[in-house]
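Dear colleague,

I am passing on the structure we spoke about, with the sequence alongside, and below it you will find my notes on what came out of the analysis. Please read them with the structure open.

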Amino acid sequence: MSDSLLIFGPPGCGKTHTLIEMVREALASGIPPWRICFVSFTRKAVQEAVERACTEFNLTEKDLPYFRTLHSMAFRQLGLTRTDMMSAADYKIIGDKLGVSFTGADMVSPDDGILMPATGGSGVYYLQIIDRARYRMVTLEEEFNKANNYSLSFSKLRQIQASLTAYKSTFSKVDFVDLIDQFVSHVEPPYFDLFIVDEAQDLTPLQWEMVHRIRANSKRTVYAGDDDQAIHAWTGVEVDRFLSASTERRVLTQSYRLPKAVFNLASIVVRRIQKREPKDYHPTSEPGELDYHLGLDTVPLHKGSWTLMARTNGFLGLYRDWLEEAGYLYSLKGRPSLRPKMAEAIWTWRSLQKNESIPLSLIKNLYDHVSKQGKDAAVRRGASVLLESGDPAGDYRYEDLVREFGLLAPKDQDALFVIKMSEDERMYIQALERRGENIQSAPRIKLSTFHAMKGGEDDNCVVYLGTTLACASNDQDDEHRAFYVGITRTRKALHILDTDRTYRYHL
């Protein structure tokens, strides 16, 4: 058995920096990079570690073959390929046979660290119970009773489980739980001098079995995380496993993110958690800003970088609707609210109206965004084919396009009526331009759930206090942890958005 250390990293206390310093010490002592293993629950945490290690130690990703999510490491060690994984098509076959749908069970990469099927389709809730029972290493009946969902049938659950098991066996397919399960059962891990488990508070019992198997072949094991930020209990995470991982413990005591005002509020929330390891850490020397609002109209969104957070995805629609009506650009799940190619097409048309010369690549994008038939046709049918004969390095004016490449739209026609778009998109762009937004700029504002924002930070954050009946009815430690994570993403200013909803979090 290897020696071990458990590191508690409160918000912004430099946990990743501390772990990378351990990697630095290992490399300096002569340990080769392939004898260091760094695993985590999500790809985000692993990728941050890889990027820092490559930058600081002049390495490439290939030099760090064991910096992976647990699922990715199992996938590689088992020698599997993407075709071995259950796909959306496979789930559709099973669903059609059973009379249920699995629209949320899309194929995703083992590198992404995904634990559970996304909700969507009548069968996905059953699939989640099956997976969660396996992750928690409990019986299907016990997990079904724990789910307490009276809309589901236990006999149907057993039927889906049996069909899924038979299908995977017949066609030699595996799902994400199988990756961990088969690693535990069949893989003899390589020997590691240093084994780091980041975000360890988010591991399920089955993943802990995989970790223990790797630890048995490792000289030194470091667990890192924060039980106060264990917000994935719905996937089967059990915080007790993290808290008992090692008797040797270290708490990182200085937050480099949280200003005093935000830290003080976070301290009130975190002390409500019943099952936790008490830990003292300190805020930055900055006073910070903490404000309360009844609506977004009093939040100073007109400048700076912002993240607007909520408890669930459903609440993000409230932010989205307000921002679009007010004329703000934003991003959701990494996607900007205005498609960049559409914004580029609008810019191209307006540049043509000014008699400017435009590169062929931008002209092609413009043609991709206009109607080619009917009364609203901006170019002749087949005009895109004509562009293929143009000079790839050439620039073109409006008159060139009319003469040689089938352009029909009058030069004085508004870009918002030349470019194909819905009426809602047109109204949104008009609102953006009334506000003076540059529609080609990257959004300063992003929308996120607390869960998606975990591990991230921003200068300015908004936290919406609305919650749901399901969240309010669950273990309140989970609710406190979720809002603690949301509150502690802020570097400078935190804005609390209150609500008159029946279910809300009380600060």
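I begin with helix 4, whose buried residues pack against helix 5 (124-136) and helix 7 (154-171). Helix 4 itself covers residues 88-98, and the buried residues in question are D90, Y91, I94, G95 and L98. Seen down the axis of helix 4, these residues fall within an arc of 130°, so they line one face of the helix. The other side of helix 4 carries K92, D96 and K97, which are exposed. Directly after helix 4 comes G99, which adopts a positive phi of about 80°.

Before going further, a word on how far to trust the coordinates, since this is a predicted model. The mean pLDDT of the protein chain is 93, and 96% of its residues reach 70 or more. The stretch to treat with caution is residues 110-114, where pLDDT stays under 50, although the model has 20 contacts beyond four places in sequence for these residues. Where pLDDT is low, the predicted coordinates should not be read in detail.

As for the chain as a whole, it has 507 residues, of which 53% count as buried, and its secondary structure comes to 21 helices and 15 strands. Along the principal axes, the C-alpha atoms fill a box of roughly 80 × 60 × 55 Å. Among contacts between residues at least 6 apart in sequence, 76% join residues at least 24 apart.

Helix 9 (residues 205-215) offers another pattern of burial: 8 of its 11 residues are buried, so this helix is largely enclosed by the rest of the structure. The buried residues of helix 9 are P205, L206, Q207, W208, M210, V211, I214 and R215.

You may also want to look at a pair of helices. Two packed helices are described by the angle between their axes and the distance between the axes. For helix 11 (residues 260-270) and helix 21 (residues 476-487), the angle is about 170° and the axes are 9 Å apart. With an angle over 145° counting as roughly antiparallel, helix 11 is therefore roughly antiparallel to helix 21. On the side of helix 11, the residues that meet the partner are V262, L265, A266, V269 and V270, while helix 21 contributes H480, Y484 and I487. Sorted by class, this contact has 7 nonpolar residues, 1 polar residue and no charged residues.

One of the residues just named, V262, also touches strand 15. Which residues does T490 contact, leaving aside its neighbours within four places in sequence? They are R257, L258, P259, V262, D458, D459 and C461. T490 lies in strand 15, which spans residues 490-497, and T490 counts as buried, at 0% relative accessibility.

The last position is A431, which sits in helix 18 (residues 423-435). Is A431 buried or exposed? With a relative accessible area of 5%, A431 is buried, because that value falls under the 20% cut-off. Its contacts, again without neighbours within four places in sequence, are with E324, E325, A326 and G327. A431 and A233, by comparison, are 198 residues apart in sequence and 41 Å apart in space, C-alpha to C-alpha.

With kind regards

Notes: Residues numbered from 1 in each chain as written. Predicted model: local features only at pLDDT ≥ 70, side-chain atom pairs only at ≥ 80, totals over all residues. Heavy atoms only, no water. Axes fitted to C-alpha atoms, helices over the stretch in contact; angles between N-to-C directions. Helix = DSSP H or I, 4+ residues; strand = E, 2+ residues; numbered from the N terminus. Parallel < 35°, antiparallel > 145°, perpendicular 65-115°, else oblique. Contact = heavy atoms within 4.5 Å. Nonpolar A, V, L, I, M, F, W, Y, C, P; charged D, E, K, R; others polar. Buried < 20%, exposed > 50% of the residue type's maximum accessible area, 1.4 Å probe, protein only. Arc of directions from axis to C-beta. pLDDT = per-residue confidence, 0-100.
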